[in-house]
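Good morning, and thank you for making time for this presentation. I would ask you to keep the sequence and the structure in view while I speak.

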Amino acid sequence: MIPALASPSCRPAASQTQPARRDGLILLALCFGQVLLWSCAFGLTYKAPEIDSAEQFVWAFALESGYWKHPPMPSWIMHGLLQVFGPSVTLPFVATQVCVVTALALAWRLGCEFMSPRRSLIATALTSLVTYHSIGADNFNHSTALLPFQAATVLLFFLATRRQAMHLWVLAGLYAGLSMLVKYSALMPIAGLLVYFALDRRLHNRKALLGLAVATGTLALVLLPHIIWLQSTNFLPFQYARSVARPMPGLTSSLQGLADFTLVQALRLLPMAVGLAYVLAPWRAIALDFDKPAIPPRDLLFLWIAALSPLALTIAFAVVTQTELQSRWGANAFLFSGLAAMACVGRVDTPLLLRRTLTVVVATHVLASLGLTLSKTVLADHLHRKTRANFPGAVLAAESAKVWKAYSNAPLRIVVSDIWLGGNIVANSPGRVAVLIDGRMFKSPWVDEAAVANCGALVLDDQTGGADEPPANGPALDALMARATVTGTWNLPWAVSQQQATQAATGVVRWGIIEPRNPGACSIR
């Protein structure tokens, strides 16, 4: 993924070549095992993708310069995956885990600049226990897709500051730009790198400043098409962000919100902290050298800023803008937490400690994967509790294909629905289906009025919440439902058996068919 990253600190002496190579192979085995474990756990038990993955299924229909809520890179990635592998419920789970382990592998590579490959391996293995990298990685969304780009940017920036090679500055700017195309919050770790540049006086020279200027120019070139798109759409993602942002109501509430946010982040860091405490417990019979590793001060400064700046700057942004902190904003804050922790403890890169680290890490992943997936599927079904994981997405897609075929000889090309229902249709349909999100064409610019008229459309309205709740999809979808020539209702077996679903409303979806006017002229870009 990142070219030309070999460095003297990662080239061990001849006597250490075999152990270092073995550590690298262990890292690859851990990465492969994590992808296999979590992908199988999710893929074999979940009946539907999580909501953010469903959203990517919908957006990936077309390669846009941006989407109404977010920048485009994750949807481009999903578009490519769909072209190669086709749609499936399992696909986003595999993609998510690949993003996570790629980021962890790059974090390990950065750690090799500060410490031995084995110590970096221990740190990386412990970092994988952060819940954002394990039980929270069941969504292919902008936060998980950002992880490898964030890690690559930090690594390349570090190498550029040390080697002063212009191609490394270009690559650092390239990956910083790609990070911003994944998620705008990538600005936080990028800003942290600029803070480090300002604090490290050894970088205050003409060559380093030129390199930083080149990186900045590269970033600007990467972002230029997206910036043009933002201007042409009146900055749709920022309008969305303002619409969902919650203002802080006062000092007391702000402090309470900050405390709640901090507590949630601590809980999500807790598995790593417990694992670290376990492997370093002084009562264990391990021969430890408690001399701290000899990391140069400027390298230690870089590591701490890279580890702490995403969370610190996120909190600072919320305080300055008087915006309530959301717990999910910490998703990209702990990528280098293991490295920072290992830089502060005694030298622990012994074979025995590595084995104990691997034991606790593997055991935690296995237990967490079993607990999460079974609780959201098998146990939820037993207790008749609806979750995204046990939603009958395949049944919905089958019913959609059946009812469409009953009233039209043309292929089903357009579904009008919310993100959730539409994403499930895409995930379980062999053909290419476009989703007109909520009936709003600015949300799905690949569908226009002519396409709806010529291709026809299946309109779906999720009414599971009950008649007492207001419509979730709004007047645009209602207007299209009113154009349907035939309508009906499905009772889907959500957390119940098919027989029970016919006796009581569980998953209730109203459907309507807008018959194709001219299937031969059907065109969706």
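**Burial, helix packing and backbone outliers**

I begin with T377, which is buried, with a relative accessible area of 4%. Please bear in mind throughout that this is a predicted model. T377 lies in the loop that joins helix 14 to helix 15, the latter covering residues 378-382. Leaving out residues up to four places away in sequence, T377 touches T45, Y46 and A389.

Next in the chain order I wish to follow is K376, which is placed in helix 14. Is K376 buried or exposed? Its relative accessible area is 19%, and the cut-off for burial is under 20%, so K376 is classed as buried. Neighbours within four places in sequence aside, K376 is in contact with Y46, E50, D138, T387, A389 and N390. Y46 and A389 thus appear in the contacts of K376 and also in those of T377.

Let me turn to helix 14 as a whole, residues 351-376. At 1.5 Å a residue, its 26 residues should span 38 Å, and the end C-alpha atoms are 38 Å apart, which agrees. The buried residues in helix 14 are L353, L354, T357, L358, V360, V361, H365, S369, L372, T373 and K376. As a reminder, an α-helix has 3.6 residues a turn, so residues three or four places apart point the same way.

I move on to helix 4, residues 91-111. Helix 4 has 21 residues and reaches 30 Å from its first C-alpha to its last, close to the 30 Å expected at 1.5 Å a residue. How many of the 21 residues of helix 4 are buried? The number is 17, so helix 4 is largely enclosed by the rest of the structure.

One residue of helix 4 deserves separate mention, namely A103. With a relative accessibility of 0%, A103 counts as buried. Residues up to four places away in sequence are again set aside, and A103 then touches L147, P148, A151 and L335. A103 and L335 are separated by 232 residues in sequence, yet their C-alpha atoms are 7.7 Å apart in space.

I now come to helix pairs. Two packed helices are described by the angle between their axes and the distance between the axes.

At what angle do helix 4 and helix 6 pack? The angle is about 20°, and the axes of helix 4 and helix 6 (residues 142-163) are 7 Å apart. That angle makes helix 4 roughly parallel to helix 6. The crossing of helix 4 past helix 6 is left-handed. On the helix 4 side, the contact comprises T96, C99, V100, T102, A103, L106, R109 and L110. On the helix 6 side, it comprises T144, A145, L147, P148, A151, A152, V154, L155, F158, L159 and R163. Sorted by class, this contact of helix 4 with helix 6 holds 14 nonpolar, three polar and two charged residues.

The second pair is helix 2 (residues 51-59) with helix 3 (residues 73-85), whose axes come within 8 Å and cross at roughly 75°. Helix 2 is therefore roughly perpendicular to helix 3. Q56, F57 and W59 of helix 2 make the contact with P74, S75, M78 and L82 of helix 3. Five of the residues in the contact of helix 2 with helix 3 are nonpolar, two are polar and none is charged.

The third pair is helix 8 (residues 187-199) with helix 12 (residues 297-321), whose axes come within 8 Å and cross at roughly 135°. Helix 8 is therefore oblique to helix 12. The crossing of helix 8 and helix 12 is right-handed. From helix 8 the contact draws on M188, P189, A191, G192, L193, V195, Y196 and L199, and from helix 12 on R298, L301, F302, I305, S309, P310, L313, T314 and F317. The contact of helix 8 with helix 12 divides into 13 nonpolar, three polar and one charged residue.

Finally, I turn to the backbone. N234 has a positive phi of about 60° although it is not a glycine. N234 sits in the loop between helix 9 (206-232) and helix 10 (236-244), and N234 is exposed, with a relative accessible area of 56%. H384, which is not a glycine either, has a positive phi of about 55°. H384 belongs to the loop between helix 15 and helix 16 (393-407). With a relative accessible area of 46%, H384 is partly exposed.

Definitions and conventions:
Residues numbered from 1 in each chain as written. Predicted model: local features only at pLDDT ≥ 70, side-chain atom pairs only at ≥ 80, totals over all residues. Heavy atoms only, no water. Axes fitted to C-alpha atoms, helices over the stretch in contact; angles between N-to-C directions. Helix = DSSP H or I, 4+ residues; strand = E, 2+ residues; numbered from the N terminus. Parallel < 35°, antiparallel > 145°, perpendicular 65-115°, else oblique. Left-handed = near helix turned anticlockwise from the far one by under 90°. Contact = heavy atoms within 4.5 Å. Nonpolar A, V, L, I, M, F, W, Y, C, P; charged D, E, K, R; others polar. Expected span 1.5 Å × (residues − 1). Buried < 20%, exposed > 50% of the residue type's maximum accessible area, 1.4 Å probe, protein only.
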